[in-house]
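Me: I am in my first year and would like a close look at how the aromatic rings and the nonpolar interior are arranged in this protein. Please go through it slowly and in full sentences.

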Amino acid sequence: MYIAREQLLAKLARYRQKDIVKIITGIRRCGKSVLLNHLFYDYLIADGVPRDHIIRISLDMKKWEALRESTELYRYVSENIRDDGLYYIFLDEIQLVDGFEEVVNSLKAEFNTDVYITGSNSKLLSHDINTVFRGRGLELKVFPFSFAEYLAYLRIDKAEAFDEYILFGGMPYAVQESDEQGRRAYLDMLVNTVVTRDMIDRYHIRNEDLFRSVIEVLCSAIGSYISPGKIANTLKSSGFKSVDNETVQRYLGYICDAFLFYKVNRFDIKGKEYLKTQFKYYAADLGLRNAAIRYKQTEITHIIENIVYLELLRRGYIVDIGKNREKEIDFVARSLNGRQYYIQVAYTVREAETRERELSAFRRLDDGFKKILLTMDRNPLTNLERGYQMLHLFDFLLNERALEEI
């Protein structure tokens, strides 16, 4: 049984037959293959596309191993294009093919094709690849289930669903698994094999224990400022005798390239420039994050921050950490149409001291953009001092236009 992801399917349908390569990216097992090879495939068949005009190749499967060589891939696809009709080409996990850019370009230039590729590595989006595609590549980001998707699928009480979601995350198979022990076993398997093992093999990592420990440090530090030096010092104090900043920096690159974590930059709002120090990292999925540290830490505010960050990315915002003089704003979210939002995240602001700390980050920002405090506090009044707004976390997560409408 496949879970319908209607918003993602609608995006694919919107760009169908347009003269661009559709590039579907995201962490492994988040649903990219199902979206393309099953949901979109069924959509095309239902719309009357002949089955023999849809060529599907899953390059991570043993069956298609020979096609990981670019010449063989091109030969196979071209030989299965037998007339002048439109052919849909699905190439799943394309990063396994060296030189795939030339194959994709040739298939587009020489035949009547509509090409879709998926990948679990951010190098798919490098400047060089965009150059090869002549600017005709469009990224569709696929994430694990959002809370809205999670709730819609399970159809249970919101509070109960949220308690499960922050513990087990939104990886599609974990969402479908009703037994808690089964969820834990599945997430442990992903962490130890599909996620970590894939990176160790792909990047020929020799010190596996060190690499896994870097991931664990990141999992423990979501929402906190972190640097290669800080991670190295933490690992040295944990017993690793030889850890250098350069190795940690390289490992961080691998981890982010695989979409396991997202690195968030700091932006100086007054100076209008990005800062070169103090970054934060957020996990692509809380279930994987919790499994990696054996469910030891469940600090709620940082978990909520992680959920909010992913939701902002899912909605297409460019997201940074904001520096407002000596204060920090959790997120500065910018849309492509020029809208900007300053967002603070707190589990509760019932205590006056906490409320003042959160709201003080907005002070002396007089640029007219909305300043929004997200909390779990239930309060029917959304207007705060100085035009600031307060929004319940559920209202934000369950309404894609919540920031615009408040």
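Reply: What follows is a walk through the aromatic rings, then the nonpolar cores, and then a pocket and two single residues.

Please keep in mind from the start that this is a predicted model.

Let us begin with the rings, since the structure holds 25 aromatic pairs. One of them joins Phe162 and Phe394, whose ring centres lie 5.3 Å apart while their planes meet at 65°, and because planes over 60 degrees apart count as edge-to-face, that is the class of this pair. The two partners come from distant parts of the chain, for Phe162 sits in helix H7 (residues 158-168) and Phe394 in helix H16 (residues 393-397), 232 residues apart. Is each of these rings buried or exposed? Phe162 has a relative accessibility of 3% and so counts as buried, and Phe394, at 9%, counts as buried too, since the cut-off for that word is under 20%.

A second pair, that of Tyr282 and Tyr309, has its ring centres 5.1 Å apart and its planes at 25°, so this pair is stacked, the limit for stacking being under 30 degrees. Here again distant parts of the chain are linked, with Tyr282 in strand S9 (residues 280-283) and Tyr309 in helix H14 (residues 300-314), 27 residues apart. Tyr282 is buried, with a relative accessible area of 0%, and Tyr309 is buried with a value of 4%. These two tyrosines also belong to a cluster, in which ring pairs link Phe143, Phe259, Tyr262, Tyr282, Tyr309 and Phe331.

From the rings we can turn to the nonpolar interior. In soluble globular proteins, nonpolar side chains tend to be buried together. In this model the largest nonpolar core has 105 residues, and the members that touch the most others are Leu312 and Phe396. If we set aside its neighbours within four places in sequence, Phe396 is in contact with Val308, Glu311, Leu312, Arg315, Leu374, Leu391, Ala402 and Leu403. There is also a second, separate core, made of 23 residues, among them Leu73, Ile89, Val115 and Ile117.

Empty space is worth a look as well, and the second largest pocket encloses about 450 Å³. It is lined by 21 residues, of which Arg29, Cys30, Gly31, Ser33 and Val34 are the closest to its centre. Helix H2 (32-46), helix H8 (172-176) and helix H9 (180-202) are the elements that give two or more residues to this lining, and H2 supplies the largest share, with five residues. Sorted by class, the lining of this pocket has twelve nonpolar, three polar and six charged residues.

Two single residues complete the picture. Pro228 lies in helix H11 (residues 228-237) and, with a relative accessibility of 16%, counts as buried. Although Pro228 and Glu246 are 18 residues apart along the chain, their C-alpha atoms are separated by 7.6 Å. Beyond the neighbours within four places in sequence, Pro228 is in contact with Asn245, Val248, Gln249 and Leu252. Thr354, for its part, is found in helix H15 (residues 352-360) and counts as buried at 15% relative accessibility. With its neighbours within four places in sequence left aside, Thr354 is in contact with Thr348 and Val349.

How values were computed. Residues numbered from 1 in each chain as written. Predicted model: local features only at pLDDT ≥ 70, side-chain atom pairs only at ≥ 80, totals over all residues. Heavy atoms only, no water. 1 Å grid on protein atoms, 1.4 Å probe; cavity = no way out; pocket = protein on both sides within 12 Å on 5 of 7 lines; lining within 4 Å. Points joined across faces, edges and corners; volume = space filled by probe spheres on them. Helix = DSSP H or I, 4+ residues; strand = E, 2+ residues; numbered from the N terminus. Nonpolar A, V, L, I, M, F, W, Y, C, P; charged D, E, K, R; others polar. Core = buried A, V, L, I, M, F, W, Y, C linked by side-chain atoms within 4.5 Å. Buried < 20%, exposed > 50% of the residue type's maximum accessible area, 1.4 Å probe, protein only. Contact = heavy atoms within 4.5 Å. Phe/Tyr/Trp six-rings, centres within 6.5 Å; stacked < 30°, edge-to-face > 60°.
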